[in-house]
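Thanks for coming. I have one structure to show today, and I will keep to what can be read from it.

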Amino acid sequence: MSFKNQVAIVTGGTRGIGKGITEAFLNAGAKVIATYASNEAKANEFYESLGELRKNLTLKRFDVSSSKECHDFFESISKDFEQIHILVNNSGVRQDNILASMSEEQWDTVLDINLKGTFNMSKLAVLHMMGHRYGRIVNISSVGGKLGLSGQANYAASKAGQIALSKSLSKEVAKRKITINN
């Protein structure tokens, strides 16, 4: 599979699953903008580990749960990249606790990053992609969003929301050759 001449954004793209997604796109010839929220040391360590591949990697630090920071991110990258072909919404957190003991902060943090972050990034990506009449958005969800998992009501709710968002958004943008999958 070749992604030569394509630009991909991978949120949470410097650690865990996101790191693997970023590496796969780079190996397939894409230019990748990998985002991260806080661990600059790990992001730089990942960048340095890529050797020659790093020439096609751009790192950007911001919070996907902030609509302003997402807007600023898209404004910034539009100066360097004419077209964004792919968005992978991979940013996510878990703060497990049984619902009776879960704090409002634990609920809000997980929903804000996992679901609101997907909304923020997808909205701005769709606006960009509609102008080019092409785009691919992949939302990294979880089986927890379909089954529910003990101690993860906040996480399961956020992932179920991602699944529903993907289904609704796919119907809105299909005519513009933009696909949404999870």
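I will go through the sheet, then the strand β4, then the helices.

Before that, one caution: this is a predicted model.

Start with the sheet. It is open and has 6 strands, in the order β3-β2-β1-β4-β5-β6. The pairing is parallel. For those new to this, strands of a sheet pair through backbone hydrogen bonds, and the pairing can be parallel or antiparallel.

Which strands stand at the edges? They are β3, residues 57-61, and β6, residues 178-181. Each has a single partner strand, so one side of each has no neighbour in the sheet. From one strand to the next, the twist averages 15°.

Now to β4, residues 86-89. On one side, β4 is joined to β1 by 3 bridges, and the two run parallel. Ala 8 has Ile 86 of β4 as its bridge partner. β4 is also joined to β5, by 4 bridges, again with parallel strands. Here Ile 86 stands opposite Arg 136 of β5.

In a regular strand, side chains alternate between the two faces of the sheet. In β4, Ile 86 and Val 88 point one way, while Leu 87 and Asn 89 point the other way. Are these residues buried or exposed? All of them are buried.

Moving along, β5 covers residues 135-139 and is joined to β6 by 4 bridges, with the strands parallel. In that pair, Gly 135 stands opposite Ile 178 of β6.

Next, the helices on the sheet. Helix α2, residues 40-49, packs on the sheet and touches β2 and β3. The direction of α2 makes about 180° with that of β3.

Helix α4 lies across β1, β4, β5 and β6. α4 runs at about 175° to β4. Together, β4, α4 and β5 make a right-handed β-α-β unit.

Last, α4 and another helix. What is the angle at which the axes of α3, residues 67-77, and α4, residues 104-132, cross? The angle is roughly 35°, and the axes come within 9 Å. The crossing is right-handed. On the α3 side, the contact is made by Ser 67, Cys 70, His 71, Phe 73 and Phe 74. On the α4 side, the residues are Asn 120, Met 121, Leu 124 and Ala 125. Sorted by type, the contact residues are 6 nonpolar, 3 polar and no charged.

That is where I will stop.

How values were computed
Residues are numbered from 1 along each chain as its sequence is written. This is a predicted model: local features need pLDDT of at least 70, side-chain atom pairs count only at pLDDT 80 or more; totals for chains, interfaces and linings use all residues. Side-chain values use heavy atoms; hydrogens and water are left out. Axes are lines fitted to C-alpha atoms, for helices over the stretch in contact, and angles run from 0 to 180 degrees between N-to-C directions. A crossing is left-handed if the near helix is turned anticlockwise from the far one by less than a right angle, and right-handed if clockwise. Contact means heavy atoms within 4.5 Å. Ala, Val, Leu, Ile, Met, Phe, Trp, Tyr, Cys and Pro count as nonpolar, Asp, Glu, Lys and Arg as charged, and the others, Gly among them, as polar. Two strands pair if DSSP finds at least two bridges between them. Buried means under 20% relative accessible area, exposed over 50%, partly exposed in between (1.4 Å probe, protein chains only). A crossover is right-handed if, with the strands pointing away from the viewer, the path from the first strand over the helix to the second runs clockwise.
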